Amino acid sequence: MSKEYPMLYSPFKLKHLTLKNRIVKPAQWVIYAEPDGSVGARVIAFYESIARGGVGLITVEESICEYPEGASNIPHIRLDEDRFIPGLSELAKAIHKYDVPCFVQITHAGPAHNPAFSGTQPVAPSRLDPPAEPQMAVARELTIPEIKGLVEKYAQAALTG
Ligand SMILES: Cc1cc2nc3c(=O)[nH]c(=O)nc-3n(C[C@H](O)[C@H](O)[C@H](O)COP(=O)(O)O)c2cc1C
């Protein structure tokens with residue numbers, strides 16, 4: 001296979017990272033997080049198997065910077081508190097064993113938040129009535145201080161992840 005696709009299997013320099021090939025696992029929410037949003041054995045086994053398979057880079061699925069409003073549904077990997085760092089660190093170690101770097105996709109569900117599990121109304125840059133999709137609830141408009149707070153939450157999530 002590597003002879004057939006020499007470019008695909010050649011290293012790629014991405015800033016300070018050197019990927020061993022150009023195969024990238026995209027972010028896909030697989031719902032293997034623990035119910036409390038921590039990374040446990042199932043998440044680790046899933047991503048470790050992909051790393052073992054020989055990809056050049058893994059993007060860990062959408063992981064949330066705010067809870068509960070940031071979750072479309074549960075479970076999601078959470079990045080909003082330091083207590084999630086040990087699980088995330090184990091995940092990174094399991095992937096790095098195979099010489100594969102990993103990124104994590106930081107997200108916020110916004111209008112896709114399901115209030116059924118939190119009792120909290122979804123938020124969006126503007127009020128969304130009717131919602132973009134029929135299964136969604138009406139989202140309320142964020143205030144400017146809330147938007148600034150979310151920017152900070154993304155930054156904090158980047159440090160956690
Ligand atoms: C089960 C599933 C979960 C997904 N989760 C995410 C996600 O967490 N973040 C994201 O950006 N895209 C997500 N996607 C979109 C995929 O990343 C996208 O389908 C993938 O990059 C393949 O691209 P394509 O659909 O254009 O072929 C998901 C798709 C599926 C099927």
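Colleague: Which residues are exposed on the other side of α2, away from its buried ones?
Modeller: Pro86, Ser89, Lys93 and His96. Exposed means 12 or fewer other C-beta atoms within 10 Å of the residue's own, buried means 20 or more, and partly exposed is in between, with C-beta atoms placed from the backbone. Helices are DSSP runs of H or I with at least four residues, strands are runs of E with at least two, and both are numbered from the N terminus.

Colleague: What kind of model is this?
Modeller: A predicted one, where local features need pLDDT of at least 70, side-chain atom pairs count only at pLDDT 80 or more, and totals for chains, interfaces and linings use all residues. Residues are numbered from 1 along each chain as its sequence is written.

Colleague: OK, back to α2. Which residues are buried there?
Modeller: Gly87, Leu88, Leu91, Ala94 and Ile95. They sit on the same side of α2 because they cover an arc of only 120° around the axis. That arc is taken from the directions from the helix axis to the C-beta atoms.

Colleague: Why would residues three or four places apart point the same way?
Modeller: An α-helix has 3.6 residues a turn, so they do.

Colleague: What covers the buried side?
Modeller: The cover includes α1, β4, β6 and α3 (144–160).

Colleague: What does Leu91 touch?
Modeller: Val39, Val43, Ile44 and Tyr47, leaving out residues up to four places away in sequence. A contact means C-beta atoms, placed from the backbone, within 7 Å.

Colleague: How many residues are in the largest nonpolar core?
Modeller: It has 27. Tyr47, Ile58, Leu91, Ile95 and Val100 have the most contacts inside it. Such a core is a set of buried Ala, Val, Leu, Ile, Met, Phe, Trp, Tyr and Cys residues joined through C-beta atoms within 7 Å. Two or more residues each come from α1 (41–52), β4 (57–64), α2 (85–96) and β6 (102–107).

Colleague: And Cys102, where is that found?
Modeller: In strand β6. Cys102 counts as buried because 20 other C-beta atoms lie within 10 Å. Beyond neighbours within four places in sequence, Cys102 contacts Ile58, Val60, Ala92 and Ile95. Its C-alpha is 9.5 Å from that of Leu91, 11 residues apart along the chain.

Colleague: New topic. What surrounds the ligand?
Modeller: Pro26, Ala27, Gln28, Trp29, Glu61, Glu62 and Gln105. Each has its C-beta atom, placed from the backbone, within 6 Å of the ligand.

Colleague: Last one. How many helices and strands are there?
Modeller: The protein has 3 helices and 8 strands. Along the sequence the pattern is β-β-β-α-β-β-α-β-β-β-α.

Key. Contact = placed C-beta atoms within 7 Å.
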